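Visitor: I would like a close look at a single part of this model. Please start there and then work outward.

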Amino acid sequence: HECFTEPGNNVTSKKLENIIVSYNVTLQLKGGDTFTKSIDLRKIVKPKSPWVVNATFHHKSNRAEIHIGNRYLKNYLQPDKQLFELHLWSDRHTLNFNITSGPLFIEGEYLRKDTEYHVKVRAIPTGGYFEGFWSDWSTPLSFITHSGKDYGSIYL
């Protein structure tokens with residue numbers, strides 16, 4: 001058993017030996033009362049943020065291609081056990097996509113021409129074994145859609 005005191009509303013411990021079992025947590029309140037709860041760590045997982053590896057608009061095929069990076073390739077929380085939400089926006093247009101794997105292709109008919117778009121991604125555990133909360137949003141990445149002249153692929 002580990003006993004520790006921390007000020008504020010958060011208590012952390014890096015000495016958890018097994019995330020597969022439930023832990024009994026007992027809090028002793030300032031007024032003297034105690035509160036005990038069993039916590040299943042598999043049900044309160046918040047993944048680390050995925051990231052946008054690249055976001056590219058291909059003029060010839062008239063579509064955007066977005067690749068996502070993930071820290072959990074060989075871990076308990078593998079990419080196939082997560083749902084990814086991509087938020088794509090410009091100054092006049094917003095799109096949201098939920099995907100389970102990548103890359104994501106967005107056809108040009110859904111994008112405005114000659115527009116700079118920004119994209120960010122976040123993840124939540126799925127698949128029944130792990131549950132929990134959305135990760136923080138990634139740092140946004142940008143790409144530009146072009147019409148007319150063939151610029152090839154535009155990387156930013």
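Visitor: How many residues lie between β1 and β2 in their hairpin, and which residue in the turn has a positive phi?

Guide: There are 5 residues between β1 and β2, and the residue with positive phi is G32, at about 105°. Keep in mind that this is a predicted model.

Start with the two strands. β1 covers residues 22–28. β2 covers residues 34–40 and runs antiparallel to β1, with 7 bridges joining the two. One of the paired positions is L27, a β1 residue. Its bridge partner in β2 is F35.

Now look at the surface of this part. L27 and F35 also belong to a nonpolar surface patch, together with V25 and L29. The accessible area of the four together is about 320 Å². Is L27 buried, exposed or partly exposed? L27 is partly exposed, because its relative accessible area is 37%, and the partly exposed class runs from 20% to 50%. One general point helps when reading V25 and L27. In a regular strand, side chains alternate between the two faces of the sheet.

Next, follow the chain past β2. The loop between β2 and β3 holds K43, and the loop between β8 and β9 holds E131. These two residues form a salt bridge, with the closest N and O atoms 3.5 Å apart. The pair therefore ties together parts that are 88 residues apart in sequence. E131 is partly exposed, at 39% relative accessibility. K43 is partly exposed too, with a relative accessible area of 33%.

A further salt bridge joins D136 and K46, where the closest N and O atoms are 3.0 Å apart. D136 sits in the loop between β8 and β9, K46 in the loop between β2 and β3, and the pair links parts of the chain 90 residues apart. D136 is partly exposed, at 46% relative accessible area. K46 also has a relative accessible area of 46% and counts as partly exposed.

Another salt bridge runs between strands. E107 pairs with R63, and the closest N and O atoms are 3.9 Å apart. That value falls inside the cut-off, which is within 4 Å. E107 is in strand β7 and R63 in strand β4, 44 residues apart. Both residues are partly exposed: E107 has a relative accessible area of 34%, and R63 has 27%. A search of the whole structure finds 5 salt bridges, including the pairs E131–K43, D136–K46 and E107–R63.

Back to backbone angles. G32 in the hairpin turn is a glycine with positive phi. Two other positions are worth a check. N62 has phi near 55°, a positive value in a residue other than glycine. N62 lies in the loop between β3 (51–58) and β4 (63–69). N62 is partly exposed, because its relative accessibility is 29%. D114 has phi near 50°, again positive and again not a glycine. D114 lies in the loop between β7 (104–107) and β8. Why flag these angles? Most residues other than glycine have a negative phi.

Now the confidence. The average pLDDT of the protein is 84, and 81% of the residues score at least 70. Among the elements, strand β8 (residues 115–125) has the highest mean, 96. Strand β10 (residues 153–155) has the lowest, 49. Over residues 150–154 the pLDDT stays under 50. For that stretch the model has 15 contacts beyond four places in sequence.

Finally, set the hairpin in the whole. The protein has 0 helices and 10 strands, so the order of elements from the N terminus is β-β-β-β-β-β-β-β-β-β, each strand being a DSSP run. Of its 156 residues, 32% count as buried. Among contacts between residues at least 6 apart in sequence, 56% join residues at least 24 apart. The protein exposes about 10600 Å², and carbon and sulfur atoms supply 50% of that area.

To return to the starting point: β1 and β2 form a hairpin with G32 in the turn. L27 and F35 are bridge partners, and both take part in the nonpolar patch.

Conventions. Residues are numbered from 1 along each chain as its sequence is written. This is a predicted model: local features need pLDDT of at least 70, side-chain atom pairs count only at pLDDT 80 or more; totals for chains, interfaces and linings use all residues. Side-chain values use heavy atoms; hydrogens and water are left out. Patches are made of residues with over 30% relative accessible area and no salt bridge: like charges are joined within 9 Å, nonpolar side chains (Val, Leu, Ile, Met, Phe, Trp, Tyr) within 5 Å. Accessible areas come from the Shrake-Rupley method with a 1.4 Å probe; for residues, only the protein chains shown count as cover. A salt bridge is a side-chain nitrogen of Lys or Arg within 4 Å of a carboxyl oxygen of Asp or Glu. Helices (H or I, at least four residues) and strands (E, at least two) are DSSP runs, numbered from the N terminus. Buried means under 20% relative accessible area, exposed over 50%, partly exposed in between (1.4 Å probe, protein chains only). Two strands pair if DSSP finds at least two bridges between them. pLDDT is the predictor's confidence in each residue, from 0 to 100. Contact means heavy atoms within 4.5 Å.
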